[in-house]
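Visitor: Please walk me through this structure. I want the reasoning behind each label.

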Amino acid sequence: MKFAACFVLIAFLSPSLRAQEGAVKTPALTEAAPALKPGLALTFTAGGKSDTRTARLVALEVPASQPATPFLPAGPFAAKWEADIVSDMRAEFRFAAEVQGAVKVVLNGATILEGSARVESPAVKLQKGANKLAVEFTSPAKGDALLRLLWASKEFSWEPVPPTAFQHNVSAADLRTGERVRAGRLLFAELRCAACHEAAALLPARGEGLPELAQDAPQFGELGAKFNEPWLAAWINDPHAIRPHALMPKVFDGKPGQIDERAADLAAYFVSLGARAEGQPLDGALVPQGGALFADFGCIACHTRPDADGKDAHDRTPLAHVRAKWQTPALTEYLKDPAKNFAWSRMPHFRLSDDEAAKLTAYLFLSAKREFPAAPKGDATRGAQLLATSGCLNCHAGLPPTTAPALAATLKTGWTKGCLAPDATARGKAPDFAFTPAQRDALAAFAASGFASLKQDAPAEFAERQIASLRCTACHARDGQASVWSQLENEMAPLQAAAPLEEGEGKPIASTALPQLTWLGEKLQPAWMVEFIAGHGKYKPRPWLIARMPGFAAAADGIANGLALEHGFPLTPAPASALAPEKVRAGETLLGENGGFNCLQCHALGERAATAVFEAPAPNFAYVRERLRKEYFDRWLLQPLRIDPETKMPRFADDDGKTPLTDFFDGKASEQYDAIWQYLQTFKK
Ligand code: HEC
Ligand code: HEC
Ligand code: HEC
Ligand code: HEC
Ligand code: HEC
């Protein structure tokens, strides 16, 4: 293991860096009892070295010339997935693989599938319980590497093996090693270590490599016109005491329970710059409506209520301090555009109307209770000097690092002192990031072997990191896990009851039941998804929802493209095959009421409204062409319940793939659905 690590450093790093990294040793792994979780262990091998991480699916698409993982060089690679497939009964399945490269699938010790292009296995038996699966993949000599593992049984036709079918031991040493160095790598970027520690030689050129290295911090300016002085002092004194997941460190080592004088000086300085901006008094009558929006827009899935305090089972961001922090006009403006001064803010953009923003401001401001004791009177002149010397502007204004030792020097002494010291005495003048022992361990593992990985990244990993960091599963179910939002009915009920919605034709009818995230990479065209996640979508696919998808502009591109690649799909769809006029004509009839499936009772078609929308509202067919991939369309129509067990979308074909409409294509469902697809490709609004 040690030998392998040395080998890679030599192959990978410049000579000067090699010497520096030597000082930090990879910490030994702590003991961990075996623990089973969904998903698989995925080991990549390239250039004589390997790297293991978790995976949701047996699928990948790696564009030629890109590395399969940030920890290995680009070029030819091998990949091996390992997990148990858990079956709740003894049953017969078939497996298939779509491959660019070569694949071998071993189930319970027997090779069931081997080859290239499209390969199918004979029928194989899965035992009740755990079945050992190993999938070995080798990238092709030229071009993109691609793999998707599918399965089928008597009960269902071909589909990607879903994430919920797999379980793996998350305590396995190679997996923990790979996940730990990834955690350290992410901390290094998110906590902006290189903002204070000069590290140019270790970092990629601006805009390249690990995207999170580009994360900014809020721009200063008018802080005194936005925030109140006691809050400013308390935040600068100790951000984690206000927000558990703050990325900003505690810069001054004041006495516990007291506001450091320097924090008070900085607060006084900020307040001396901007005039207080008194807004109109807030209208208390808006509070109930704002509270209902807080529930119905899903704010509550990421935030505890402003009148709540104490620990939260869902680890949400508290808002109890907003009244003490904000001046009201600034709060309204922030809600309308949270990324205005901070592009990488984790607070998404809801495209709130003035009216909605006013209601939410009233609710938040008039319900929040937390207060901050007046800080010792600060000295604005001293504050101005501190701003220049305390490293604040390294993060907040992108000033070049000068205040701390160069990173290369910190590596020579080992990463145990300063910022990484476990207690205040050993920390000295370094800032306090409130690290847990596991985070310190991860940073050390990263320092020992991970620096080269900053210069490249794998889009599939970026997507997974951001989905976690931005809390997409606060609102969306994924991989069989319910969303946070769907578990908050008790908390939401009083807020919604205080401002009941009007009911009636054309009014929104539901807030929950959002699309799940599980299959996005297979379902949606990346180009459409980028726009939609960024919050630039031109329409609402589900106009019946009160909820709306908020915009996450900074990460949208990477998430959408990363998901497609994670699911084994290239970013540019294969050129569409030519449309057959007789199929297009058949498709139009098949959608309709006369001789067709009457899809149009639920689905609108352009300007034509659905005929029975209250049955089960469904997206307008006009969007199919730009939204969906054909693979998903086919699979969804054949077996909607396999994808979403709760959906009201009916299944029209029987187990043999036949429908009652025998006038078309001998009742063959796949042909009929293809006809509908072809018609929808020609449909213009
Ligand atoms: C706000 C600026 C700032 C940021 C951001 C920062 N550091 Fe530091 N770091 C310092 C200062 C100041 C010292 C102490 C220097 C001294 O004692 O003279 C220090 C000391 C250290 C030391 C001890 C160096 C030695 O040899 O004594 C290490 C290791 C270190 N930092 C690592 C990190 C890591 C890892 C990160 C990111 C998680 C980080 N730092 C982020 C300012 C910063
Ligand atoms: C996907 C999670 C998510 C959702 C949904 C969300 N927020 Fe946030 N919000 C955050 C995070 C994280 C922050 C912390 C700021 C940052 O990272 O820049 C934040 C910050 C805030 C702040 C500033 C807090 C402070 O300390 O000043 C307010 C106010 C706020 N959100 C209100 C709302 C409202 C109102 C909604 C619903 C319309 C909402 N949020 C929806 C994640 C979310
Ligand atoms: C290592 C980078 C870093 C350093 C150093 C740093 N900050 Fe921050 N600061 C942040 C980030 C990131 C945020 C956004 C909130 C969060 O996630 O913690 C923030 C938020 C703030 C805010 C709230 C701004 C807003 O618009 O909501 C203030 C005020 C602030 N910092 C002041 C300071 C001062 C004063 C110093 C120096 C004593 C300082 N910061 C040092 C990274 C840093
Ligand atoms: C505040 C709740 C909320 C959060 C947080 C959220 N979403 Fe959504 N999302 C929605 C709603 C509501 C819709 C349905 C919108 C519609 O169809 O009109 C949606 C729809 C989507 C869609 C379209 C799916 C489809 O089948 O049409 C994608 C893609 C998506 N979200 C991705 C994400 C990603 C990625 C994240 C995290 C970065 C995220 N969402 C976070 C509420 C949320
Ligand atoms: C009883 C109502 C109903 C009928 C009839 C119906 N659907 Fe659906 N359909 C739905 C629902 C509900 C959804 C999922 C809505 C969601 O994702 O929020 C859906 C989703 C879809 C989607 C995915 C659309 C997208 O943009 O995400 C397609 C494609 C689709 N249906 C095609 C059809 C076709 C073709 C027919 C007729 C053969 C049909 N549906 C009949 C209710 C229906």
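Guide: This is a predicted model. The turns below take the cores and two ligand shells.

Visitor: What makes the set of 55 residues a nonpolar core?

Guide: Two tests apply. Members must be buried nonpolar residues, and their side-chain atoms must link up within 4.5 Å. Buried means under 20% relative accessible area. The 55 residues of the largest core pass, so I559, L591, F621, F633, Y673, I676 and L680 belong to it. Those seven touch the most other members.

Visitor: Which helices supply at least two residues each to this core?

Guide: They are α18 (459-469), α21 (526-534), α22 (556-566), α23 (581-591), α25 (630-638) and α27 (669-682). The top contributor is α27, with 7 residues.

Visitor: How do you know that L591 touches F621?

Guide: Contact means heavy atoms within 4.5 Å, so L591 and F621 must have such a pair. L591 also touches N598, C599, L600, I676, Y679 and L680. Residues up to four places away in sequence are left out of that list.

Visitor: Where do I242, L266, L293 and L386 belong?

Guide: They sit in another core, of 54 residues, apart from the largest one.

Visitor: Why is H197 said to make a polar contact with ligand 1?

Guide: A polar side-chain atom of H197 lies 2.7 Å from a nitrogen atom of ligand 1. The cut-off is 3.5 Å between N or O atoms, so the pair qualifies. T413 qualifies too: an N or O atom in its side chain is 2.6 Å from an oxygen atom of ligand 1.

Visitor: What else surrounds ligand 1?

Guide: The shell has 18 residues, and the closest are C193, C196, H197, T413 and C419. By class, 11 are nonpolar, 4 polar and 3 charged.

Visitor: How do you know that W235 makes a polar contact with ligand 3?

Guide: A polar side-chain atom of W235 is 3.4 Å from a nitrogen atom of ligand 3. That falls within 3.5 Å, so the pair counts. A polar backbone atom of L247 lies 2.8 Å from an oxygen atom of ligand 3. For H396, a side-chain N or O atom is 2.8 Å from a nitrogen atom of ligand 3.

Visitor: Which elements give two or more residues to the shell around ligand 3?

Guide: They are α6 (229-237), α7 (261-273) and α14 (392-396). The most come from α6, with 4 residues.

Visitor: How many residues of each class surround ligand 3?

Guide: There are 21 nonpolar, 2 polar and 4 charged residues. Of the 27 in the shell, the closest are L247, M248, C392, C395 and H396.

Terms used: Residues numbered from 1 in each chain as written. Chains lettered and ligands numbered in written order. Predicted model: local features only at pLDDT ≥ 70, side-chain atom pairs only at ≥ 80, totals over all residues. Heavy atoms only, no water. Buried < 20%, exposed > 50% of the residue type's maximum accessible area, 1.4 Å probe, protein only. Near = heavy atom within 4 Å. Polar contact = N/O pair within 3.5 Å; in protein donor to acceptor, adjacent residues only side chain to side chain. Nonpolar A, V, L, I, M, F, W, Y, C, P; charged D, E, K, R; others polar.
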